[in-house]
Amino acid sequence: EGHTTLELYVLLDAIQLQFVPEGGQYISQIDLSVALVDSIGQTVGEQTWTRYPSVKSLKDLRQASAPFRDIIGFNLAPGDYRMRVEVEDIYGDKKGTVEGALRVNSFEGEALLSSDILFASELRRTEAEGRFVKAGWQVIPNVSRRYLAGAVLPFYLEIYNLSETPGETSKGFVVGYSLVDAVGNTVKTYVATRYKKPG
């Protein structure tokens, strides 16, 4: 209550990292840290964690990109923030930093709202648990932001504040989709679909 979950996704091409042999494969060590600062300059969230990307062959790593994806979440009061993300390659003694502004919206109240759209490279039902599982869906973010022409465009979003009024007509809701270009012109409109409310 009073907070919104903010998820930050990280994409790093592992070809930038230094790998060392270990146990029949090659591993790297990266330390990641995120700091969030509010509008008055006060730090409201910090996280530091370590990951160990691995590859079977350095030759394969050089011949193709090897995307490493990660996710970190924060519960924040709605408002404007600045974030700073640092990634350090421990074996390669290199460091990179990304900074930027972000806005956290409120989803409380009675208005019908949806989360931001999360474009995915993989979207499938699962009973497993993991960093990329949301409400029974494995959602691997497409952090490269690239899709092949004509390919399926999978995405995930959540809808909030559906009414709980009893009756047959209130058991479902209708969602329509349109694809628009950068200036707002409709490129394609898809047939609206009725879904049953969960719960």
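Select L36 to start: leaving aside neighbours within four places in sequence, this residue is in contact with L6, Q42, T43, V44, G45, F74, L76, R82, M83 and L102. Contact here means heavy atoms within 4.5 Å. The model is predicted, so local features need pLDDT of at least 70 and side-chain atom pairs count only at pLDDT 80 or more, while totals for chains, interfaces and linings use all residues. Residues are numbered from 1 along each chain as its sequence is written, and side-chain values use heavy atoms, with hydrogens and water left out.

**The core around L36**

Keep L36 selected and add L8, V34 and L102. Of the 25 residues in the largest nonpolar core, these four touch the most other members. A nonpolar core is a set of buried Ala, Val, Leu, Ile, Met, Phe, Trp, Tyr and Cys residues joined through side-chain atoms within 4.5 Å. Buried means under 20% relative accessible area, exposed means over 50%, and partly exposed is in between (1.4 Å probe, protein chains only). Now colour strand 1 (4–13), strand 4 (30–38), strand 7 (67–76), strand 8 (79–89) and strand 9 (94–104): these are the elements that give two or more residues to this core. In soluble globular proteins, nonpolar side chains tend to be buried together.

**The whole chain**

Zoom out. The protein chain has one helix and 17 strands, where helices (H or I, at least four residues) and strands (E, at least two) are DSSP runs numbered from the N terminus. The C-alpha atoms fill a box of roughly 65 × 45 × 40 Å, taken along the principal axes. Of the 199 residues, 29% count as buried. About 13,700 Å² of the chain is exposed, and carbon and sulfur atoms supply 50% of that area; accessible areas come from the Shrake-Rupley method with a 1.4 Å probe, and for residues only the protein chains shown count as cover. Among contacts between residues at least 6 apart in sequence, 57% join residues at least 24 apart.

**Salt bridges**

A salt bridge is a side-chain nitrogen of Lys or Arg within 4 Å of a carboxyl oxygen of Asp or Glu. By this rule the count comes to seven.

Select D70 and R51. Their closest N and O atoms are 2.8 Å apart, in a salt bridge. D70 lies in strand 7 and R51 in strand 5 (residues 43–51), so the pair ties together parts that are 19 residues apart in sequence. Is D70 buried or exposed? D70 counts as buried, at 0% relative accessibility. R51 counts as partly exposed, at 21%.

Next, select R103 and D80, whose side chains meet in a salt bridge (2.8 Å, N to O). Because R103 lies in strand 9 and D80 in strand 8, this pair ties together parts 23 residues apart in sequence. R103 counts as exposed at 54% relative accessibility, whereas D80 is partly exposed at 44%.

Then pick E99 and R84, which also meet in a salt bridge (2.8 Å, N to O). This pair links distant parts of the chain, with E99 in strand 9 and R84 in strand 8, 15 residues apart. R84 is partly exposed, with a relative accessible area of 34%. Add R131 to the view as well: salt bridges that share partners join R51, D70 and R131 into one network.

**Q29**

Go to the loop between strand 3 (25–27) and strand 4, where Q29 is found. Q29 counts as buried, at 17% relative accessibility. Leaving aside neighbours within four places in sequence, Q29 is in contact with T50, R51, Y52, E88, D89, I90 and Y91.

**S121**

T50 can serve as a marker for the next move: S121 and T50 are 71 residues apart in sequence and 24 Å apart in space, C-alpha to C-alpha. S121 is in strand 11 (residues 118–125) and counts as partly exposed, at 41% relative accessibility. Not counting residues up to four places away in sequence, S121 touches R69, I140, P141 and N142.

**Rings and a surface patch**

Select I117, in the loop between strand 10 (113–114) and strand 11. I117 is partly exposed, with a relative accessible area of 46%. Add F119, Y147, L153, L179, V187 and Y190: together with I117 they form a nonpolar patch on the surface, with about 610 Å² of accessible area. Patches are made of residues with over 30% relative accessible area and no salt bridge; like charges are joined within 9 Å, and nonpolar side chains (Val, Leu, Ile, Met, Phe, Trp, Tyr) within 5 Å.

Finish at the rings of F119, F155 and Y177, which ring pairs link into a cluster. The structure holds four aromatic pairs. Rings of Phe, Tyr and Trp (its six-membered ring) pair if their centres lie within 6.5 Å; planes under 30 degrees apart count as stacked, over 60 as edge-to-face and the rest as tilted.
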